[in-house]
Amino acid sequence: MIYRIFSVFCLLEAAFAQSGPAPIYHVTVTERTVKAINYQYRALPTLIDFRGTVLLPKGKGLASVESKQGRCEIDVHFENLTEPSQYGREYLTYVLWALTPDGRPINLGEVVANGGDKAHMRVTTESQAFAMIVTAEPYSAVRQPGDVVVLENFVRPDTIGKIEQVNARYELLPRGQYSWQIPDQLSSAAAQGPKVSMRRYEALLELYQAQNAVGIAANAGAAQYAANTFGKAQQLLAEAQQLSDHKGDNGRIVETARESAQAAEDARLIAVRRQQEDQVAHAQSQVATARLAQARAEQDAQQFRADAQAARAQADAERAARQQAEADAAAARAAAAQQPLYPPPPPPVNRVVITPQATLADRQTPARTELRMRLFEQMNGPLETRDTPRGLVAVVPNSMFMTGDLRSSAQGQLARIAAIVLANPGLRVEVDGHSDSESNTPLSWRRAEAVRDALIRSGLPANTVISRGLGNSRPLTSNATAAGREMNTRVEIVISGDPIGNLPFWDKTYPLKISGGQ
């Protein structure tokens, strides 16, 4: 049996019971570059080394990358992965990232070390050119890597084939942006942490990551700006905690805690985006008000200058008239013939008319991003929903089917999804069936057709809904456990179209810096 000292997590568990402030997540961006490799399609796998950075100099790893049609399969081993809490008590785990040449990060999964500080994982990615790094994170569901980079990929001398290298410039969340106040009396409790089995360690690790994620989302205002998604995260966290308290199945605890962390991260991103939009709108309103006040002040100043100029002109005219009258009187006394004299009329007064400057209209929030976030919130009620570059993906789990047919209880959820799509014209619907083995590919077709028929019966036009059976070609996780097979056996409803664009609400564009190939 493999055991690990669990002192840091006991410390966190006690801290959650205190009344002190929860973790605070501040987003400040830094930049870093790493070599990305173009894994062109080839028959043999390519070996790539991992080397530790100055934060983990003894860390190392070896990855086998095999490029296949439409995906790359990665089999990686790591060694000397010490506890991530050495970089701060807020860091609970490691995450493996793929970084595309344009700087877009892809979370490939959590790296969990065993009792010997070693880890092994098999993952896939749809990218063909990417770099790989490992970072320490507060929870595994993060969307952007932190700057606690402990391992980076490194090209071996015996790497097979021609390798094209580019600098992948990516953004990092800087170290020290998670704050946590731990009472001093908990230090002695941390030194006497109990030992637990590896499976129990993994379950507790995921549970504390979920608590971290929910706390961070709460401080980001998720309860106000993303109530549905944040509520689901809290519900899943409570279920995971209850399973842990009653000594439930560790695999179920891991699955529920990860779902909670993912929902909390989605809620945090929605809250951050909407708060930024509110701040931008408020700033624009203040700028418009200031410019209007400035325009009025300039108009008043110009009017004052015009009035002063008119007064001076009138005074000059009166003085000239007086002088002329005096001269005329003197000339009349001296002259025999008296000539009538008329003072010249005063010069015309020039008036300046000021037209107020047009105020700067408030820039509107991008309609597509707002609609995408609103649909995500609405769809997350009936079915678990993810925002991906393919579109909004609602998952119909295995539990809603009886062999190839939908259970009657699932009709209501699908009807709500159909109503959401009908309320927003221009959206497309793709229904993809997935299974845990190649032999169940026909079953994935039947289930996809069953979901498509239910959506059409709920009012969607038949020509806007397509279905496919993909079998086991796109698993979400390993099929080695019953929980993994349950997760992989699913039907995904992919909502896309021009009204919501093709960029997830949590994503954005990144700069690209390319250097010469080697």
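**Exercise 1.** In this predicted model, find the order of the strands in the open sheet of five strands, and state which strands stand at the edges.

*Solution.* The order is S15-S16-S21-S19-S20, and the pairing is mixed. The edge positions belong to strand S15 (384–388) and strand S20 (465–469); each has a single partner strand, so one side of each lacks a neighbour in the sheet. On average, neighbouring strands of this sheet are turned by 20° against each other, direction ignored.

**Exercise 2.** Describe how S21 pairs with strand S16 and with strand S19.

*Solution.* Begin with the general rule: strands of a sheet pair through backbone hydrogen bonds, in a parallel or an antiparallel sense. Take S16 (residues 391–397) next: its pairing with S21 is antiparallel and runs over six bridges. Within this pairing, Pro 397 has Arg 490 in S21 as its bridge partner. Then take S19 (residues 428–434), which pairs with S21 in the antiparallel sense over seven bridges. Here Gly 433 stands opposite Val 491 in S21.

**Exercise 3.** Sort the residues of S21 by the way they point, and decide whether the strand is enclosed or not.

*Solution.* In a regular strand, side chains alternate between the two faces of the sheet. In S21, Arg 490, Glu 492, Val 494 and Ser 496 point one way. Val 491, Ile 493 and Ile 495 point the other way. Buried means under 20% relative accessible area. Seven of the seven residues of S21 (residues 490–496) are buried, so the strand is largely enclosed by the rest of the structure.

**Exercise 4.** Characterise the packing of helix H3 against helix H5, and list the residues that meet.

*Solution.* Two packed helices are described by the angle between their axes and the distance between the axes. For H3 (residues 198–219) and H5 (residues 227–245), the angle is about 150° and the axes are 10 Å apart. An angle over 145 degrees counts as roughly antiparallel, so H3 is roughly antiparallel to H5. Their crossing is left-handed. On the H3 side, the contact residues are Arg 200, Leu 204, Leu 207, Ala 210, Gln 211, Val 214, Ala 217 and Ala 218. In H5 they meet Phe 230, Ala 233, Gln 234, Leu 237, Ala 240, Gln 241 and Ser 244. By type, the residues of this contact divide into 10 nonpolar, four polar and one charged.

Terms used:
Residues are numbered from 1 along each chain as its sequence is written. This is a predicted model: local features need pLDDT of at least 70, side-chain atom pairs count only at pLDDT 80 or more; totals for chains, interfaces and linings use all residues. Side-chain values use heavy atoms; hydrogens and water are left out. Buried means under 20% relative accessible area, exposed over 50%, partly exposed in between (1.4 Å probe, protein chains only). Helices (H or I, at least four residues) and strands (E, at least two) are DSSP runs, numbered from the N terminus. Two strands pair if DSSP finds at least two bridges between them. Axes are lines fitted to C-alpha atoms, for helices over the stretch in contact, and angles run from 0 to 180 degrees between N-to-C directions. Angles under 35 degrees count as roughly parallel, over 145 as roughly antiparallel, 65 to 115 as roughly perpendicular and the rest as oblique. A crossing is left-handed if the near helix is turned anticlockwise from the far one by less than a right angle, and right-handed if clockwise. Contact means heavy atoms within 4.5 Å. Ala, Val, Leu, Ile, Met, Phe, Trp, Tyr, Cys and Pro count as nonpolar, Asp, Glu, Lys and Arg as charged, and the others, Gly among them, as polar.
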